[in-house]
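Here are some exercises on strands and how they pair. Have a look at the structure, then work through each solution step by step.

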Amino acid sequence: MVVYRTAALLGLLFFLEMHFSQTVSATDCPLDLSGSNFTLAASICSNDEDRGTCCRYLNALIAVSIAGYANLTGDLGVSSDLSQICLGSISETLELYGVTTNATAFCGFGTKIPVNYECQGRTTVTQMLESPKFANVTANCELPLSVETDCRTCLNAGILYLRNLIGAVDNLTLSTCRDATFVALASQVDNGSAVDIASCFFGVQGLMTPSDQTPSLSSPQASPSPLVASSPSQLSLTLPLKQKHHVYHLTLIPGLGLAVTAVAVMMLVVLIFLIRRKSRELENSDTIDKASSKAFGQLPRRFQGGPTSMFRKFTHKEMKAATDNFNTVIGQGGFGTVFKAQFSDGSVVAVKRMDKISEQAEDEFCREIELLARLHHRHLVALRGFCIARRERFLIYEYMANGSLKDHLHNSGRTPLSWQNRIQIAIDVANALEYLHFYCYPPLCHRDIKSSNILLDENFVAKAHDSMAIILHSDLQFVVKVADFGLAHASKDGSICFEPVNTDIRGTPGYMDPEYVVTQELTEKSDVYSYGVVLLELLTARRAIQDNKNLVEWSQVFMNSDSRLPELVDPTIADSFDFDQLQTFVSIIRLCIQREGRARPSIKQVLRLLYECSDPMHSGFVEAVEEGEYEGTEAKGRTSRGKMRGGELIFHSGDGRATVREIHGPICKAQDRSPLVNSGQIQTHKQVQISSTRGLLTTTKVLIPIGFGTEEMEAVIMIDVLRRAGADVTVASVHPQLEIKASGGTKLVADASISACWNETYDLVALPGGMPGSITLRDCELLRKITSKQAEEKRLYGAISAAPAVTLLPWGLLKRKEMTGHPQFMGKLPTLWKVESKIQVSDELTTSRGPGTCFEFAISLVEQLFGESVAVEVAKLLLMGATKEDPRKEEFNGVEWTVGHTPHVLIPVANGSEAAETVMIADILRRAKVNVVIASVEKSVKIRASQGTKIVADKLIGKAAESIYDLIILPGGFVGTERLHKSRILKKLLKEQESSDRIYGAICSSSEILHRQGLLKGKRAMDSARVVIDGKVITSRGLSTTTEMALAIVSKLFGHTRAWSVAESLVFEYPRELKD
């Protein structure tokens, strides 16, 4: 058999060699790219962050040229013998005009962007036009397509056509057939119209240069300076080809012949090797499967979460018996068939058998288990186990007894879901997506949200207080859960998607994001689009595709008119809905199904709106507001209000359940105690009335500028607290570089340069202090203009520590304002207007004293932006405020901590560690003259900490481990804690720390690391006080207790005098308890 295959292969190769020798003459590429705007292509592709647009632009340019070729020949691209010639010529031309080879390689030029669009055997335009349902595409893609709704209709028709034509295939086939569909359409019109269709299909503009700028057809290579002397707007590919191929023709052919012969011999050797190896693999497949299963032997231990979440490995024999020899099919999931399985112990689960096992399937399967086993959320179907046997893969999920939302909406005989039930279901699904998008690390997206993947779980245990439950009958309770997770894949922005981009199409007709067909990129906004379709399905009880009509398109005529909104509602509940809620619900849908992903809200914003919608009387959501403005009170802050205006929903920020849902957390186990809000520590000169329409649909935007010498504690605390409250915070560097070294030595990385923020409108501009950081900010002219504009337009601005006196005063932004600042700079402030209070609010200006008052400062800003209730919730999460029953510090088994040298302290960090805790410990200890090292356990010193704050560690943990430390302190953060726990080097350091009787400690969740290593055995940790010291172990409860913890460390190392001195520089009241 091997001999026959080899002979056939060699014969084919020599035939190709002879054929190539005869046809390799310098044939010209017939594609005409004259008029193509290669200058714009080079500009787009020069931006590494815009590679998606670059690829779409290049794809569109090639597709337009092939459409012109098809218009002349009727073929869907050039012949195979010309493909390489055209690809080479086009590549040279792109490179000539500044499009780098890296960009073309990234875009898959020649594979993902070919020059022949053969679509599953169809090679001509006629075959495409005569294929089933192509007439529907033609009818829905009538020019012009410049209007968004027309383009979306065309794209949706194309999606349905391709789905029916090619089914579930790999993305490469989808992309090629999409391009073939475009060529079939565009070949029937003139070049200008073809460009218009391409702009719609590929989502790009400016493909052609204006005709009045088109130069002659002379080759760009003829000019010594092609980018100047000859524009790429007019281009013929033929001349360069003639020059090159004819000159080297005689030399090229013998070389190619020798190369082909050598390749043939090599392929023969490889073929024999592969056949033998395949034989051995088949013989040993059972052994391989056993080894694979063994690799998962420790997974149950890692992910076991108690009796209700047992996670284990199942055998193939168990799978076969539980599914009655795989005869209990209940559905088809994203990557396989789903069976109902009942085991001998009576437990019932759902089993998904993976359909496709590739060479990388084992790694992918491991990755899926690793991810899914970590997901624990009330509204996500739980993974119960797995099975690897006989080259098959199985995933075992909890069984959902009451079927899917699709069953309840579309199957006759079911009790109709009530209006409130439908809103609650929408909230529950949004909760699940919020968890995936915002609270997983890395962020996850589902990729196939649809009604059949939203399951209902029966629960006979009463849960009257559980607001997330969906009560469908008087004696039964159901919980909504999202199901059908496939394999995980990293998207362009670093997030994870639950279906692989380069393997299978996992969108469903009617639910598929139109942008995905164009961009081939998956983001969480694709989930938001699909979720919007599910909302429409909930509202109308119509299928996503019904009577050959797309639900989104069908609903447009009703959503565009308030008077017709009731016609959208499912007739079975036509008499029971609330019209105000219906208006809100429809507005949410309209936002979710925007054609462009960037125009859609985040699922977090959607969830806030849904909470308001579910309880309008509680939040005042539907109260009308004159002129789009509202009145607030000094005592209660702002209330949330909104109204419909011309079919458009206008929202204002405020308090209430919805806003509270956006708070990021928790920090640690929060105590139910009132924070220090409105307790006399914050003095208000006049409550600010904000007239800007800032709220739920428009994200509350905050600017925090930083520069060299900025006080890192103040900057990071403000970033952390405001982001927890739901603000969209931009950290902007006033220098050209984004990485800056703060006043205490910590390196921070900004999100953007201040120049990128000039045209933005912010609800708040907050300046951190620090020296010389306040001077650095003062000298930034752009920042002065931004802040001055903020003050002129009566929007919030604030400053802390040295910034009021050093930065705002020279800018003239303190006139007739009561203010406070750091004690060292109070002498510079106007005598009649300065106030010695921790926080001073005067109209739109808020000022504060220093790092020790920064938490109160940030909470005051949260209250002004979002209302008192949100400020209270955030403060609770931060554990702000201490009572007599809650002492600041307790010490047991007291011992001396003093050392005979400058103390050496290690703070290990990971992605997801609490940034504020890390920075606060480092800054305070450095103020006390302690040598502090921040060490990364990741592969890079650059850390993306909690709330997205970016810091740069001093060194990697491996390098740091070369030294001995008097103290190792672990910052908290749940994600960071897990990553720290995985560091073998850190585990070794902690063990050595204990055995050498040196000091160690942890904040909040990171105490779990010490517990797992047995380093808290016999110790009191986070017991009855905010800071607990037991011998040489110190722990604290959470973020706002970090200052007290750091000062307690200083006190133990150096004594109370130095601790008091450091506290004074922070403007932090040194607790009497620390002196005991």
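**Exercise 1.** Work out how strand 21 is joined to strand 31, and by how many bridges.

*Solution.* Start with the direction: strand 21 (residues 747-749) and strand 31 (residues 950-952) run antiparallel, and three bridges join them. Two strands count as paired if DSSP finds at least two bridges between them; strands (E, at least two residues) and helices (H or I, at least four) are DSSP runs numbered from the N terminus. Next, pick out one pair: lysine 747 faces valine 952 of strand 31.

This is a predicted model, in which local features need pLDDT of at least 70, side-chain atom pairs count only at pLDDT 80 or more, and totals for chains, interfaces and linings use all residues. Residues are numbered from 1 along each chain as its sequence is written, and side-chain values use heavy atoms, with hydrogens and water left out.

**Exercise 2.** Find the order of the four strands in the open sheet, and explain why strand 20 and strand 30 each have a side without a neighbour.

*Solution.* The order is 20-21-31-30, with antiparallel pairing. Strand 20 (739-741) and strand 30 (942-944) are at the edges with a single partner strand each, so one side of each has no neighbour in the sheet.

**Exercise 3.** Is strand 18 largely enclosed or not, and which strands pair with it?

*Solution.* First, burial: five of the six residues of strand 18 (residues 701-706) are buried (under 20% relative accessible area, 1.4 Å probe, protein chains only), so the rest of the structure largely encloses strand 18. Then the partners: strand 18 pairs in the parallel sense with strand 19 (residues 728-733) over six bridges, and isoleucine 704 has valine 731 as its bridge partner there. Strand 18 also pairs in the parallel sense with strand 23 (residues 764-767), over two bridges, where valine 702 stands opposite leucine 764.

Notes. Buried means under 20% relative accessible area, exposed over 50%, partly exposed in between (1.4 Å probe, protein chains only).
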